[in-house]
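Dear colleague,

I am handing over the structure below, and after it I set out what was found. Please read the text with the structure open beside you.

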Amino acid sequence: MRLSFYRGKLQAVSLAPEFFMFVRVVCLAAMLAVSGAALADGAISALEAVRQSIERPHTPLEAQWIEMDVCGAGEDGAHGFLNSVRDYRSRDSLNVELLPTVRARLEQRLGGDPIAVLRGQRIAVFGPVRQVQINLYDGGVPRGRYYFQTQMRLASASHLEPLVSDTGEPLPARCGTLIV
């Protein structure tokens with residue numbers, strides 16, 4: 001809002017909301033246009049994202065670039081999951097959910113199912129991170145027990161970038177033996 005004088009009276013003049021929307025869209029487009037590999041330099045680690053999320057369990061972390069090793073991966077129906085540690089139930093694991101549409105777009109871009117292609121690689125992902133309660137079941141019956149998992153739901157295929165070396169080779173994950 002800006003102030004204006006009209007016939008000697010001070011008045012508030014509102015800037016058009018469309019202008020602010022335009023500025024937000026331009027900023028978002030510029031942010032997404034930067035390559036993921038370049039953004040990985042300013043990315044935080046998956047473990048740091050997990051720790052920050054645990055410190056604020058009721059508030060999702062703002063969307064940001066996170067560099068992670070894909071040490072485990074799996075699927076539940078058409079949903080895919082990329083995990084930063086071997087055991088997805090570990091408190092230290094960042095688990096990135098690939099919605100079916102995002103998974104299909106990544107498959108087109110990567111030339112194969114991202115669950116198989118990205119396992120054992122280092123990637124950068126962009127999005128908010130949150131704590132999710134996972135209920136435990138025994139034969140389909142709730143056991144009344146649960147654990148918390150740190151998750152990111154990938155909103156777009158453009159929010160995931162495989163990290164590559166100077167020669168263009170994918171950077172290997174730093175997690176030892178992989179779970180397949």
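A residue is called buried here when its relative accessible area is under 20%, exposed when that value is over 50%, and partly exposed in between. Please also bear in mind that this is a predicted model.

By that cut-off R122 counts as buried, because its relative accessibility is 14%, and D69, at 12%, counts as buried too. These two residues form a salt bridge with each other, in which the closest N and O atoms are 3.4 Å apart. The pair links distant parts of the chain, since D69 belongs to strand 4 and R122 to strand 8, with their positions 53 residues apart in the sequence.

D69 also forms a salt bridge with R174, and here the closest N and O atoms are 3.3 Å apart. Because R174 lies in the segment after strand 10 (160–162) while D69 is in strand 4, this pair ties together parts of the chain that are 105 residues apart in sequence. R174 has a relative accessibility of 54% and therefore counts as exposed, whereas D69 counts as buried. When the salt bridges are followed from residue to residue, E67, D69, R122 and R174 turn out to be linked in a network.

A further salt bridge joins the side chains of R109 and E161, with a distance of 3.9 Å from N to O. This pair, too, links distant parts of the chain, R109 being in helix 4 (residues 100–110) and E161 in strand 10, 52 residues apart. With a relative accessible area of 39%, R109 is partly exposed, and E161, with 23%, is likewise partly exposed. The salt bridges described above are among the nine that a search of the whole structure finds.

The remaining point concerns helix 3, which spans residues 46–55 and whose buried residues are A46, A49, V50 and S53. Seen down the axis of the helix, these buried residues fall within an arc of 100°, so they line one face of helix 3. What covers them includes strand 3 (44–45), strand 4 (61–69) and strand 7 (94–98), together with strand 8 (122–138) and strand 9 (141–154). Strand 4 and strand 8, which are thus among the elements covering the buried residues of helix 3, are also the strands that hold D69 and R122 respectively.

With best regards

Key
Residues numbered from 1 in each chain as written. Predicted model: local features only at pLDDT ≥ 70, side-chain atom pairs only at ≥ 80, totals over all residues. Heavy atoms only, no water. Buried < 20%, exposed > 50% of the residue type's maximum accessible area, 1.4 Å probe, protein only. Helix = DSSP H or I, 4+ residues; strand = E, 2+ residues; numbered from the N terminus. Arc of directions from axis to C-beta. Contact = heavy atoms within 4.5 Å. Salt bridge = Lys/Arg side-chain N within 4 Å of Asp/Glu carboxyl O.
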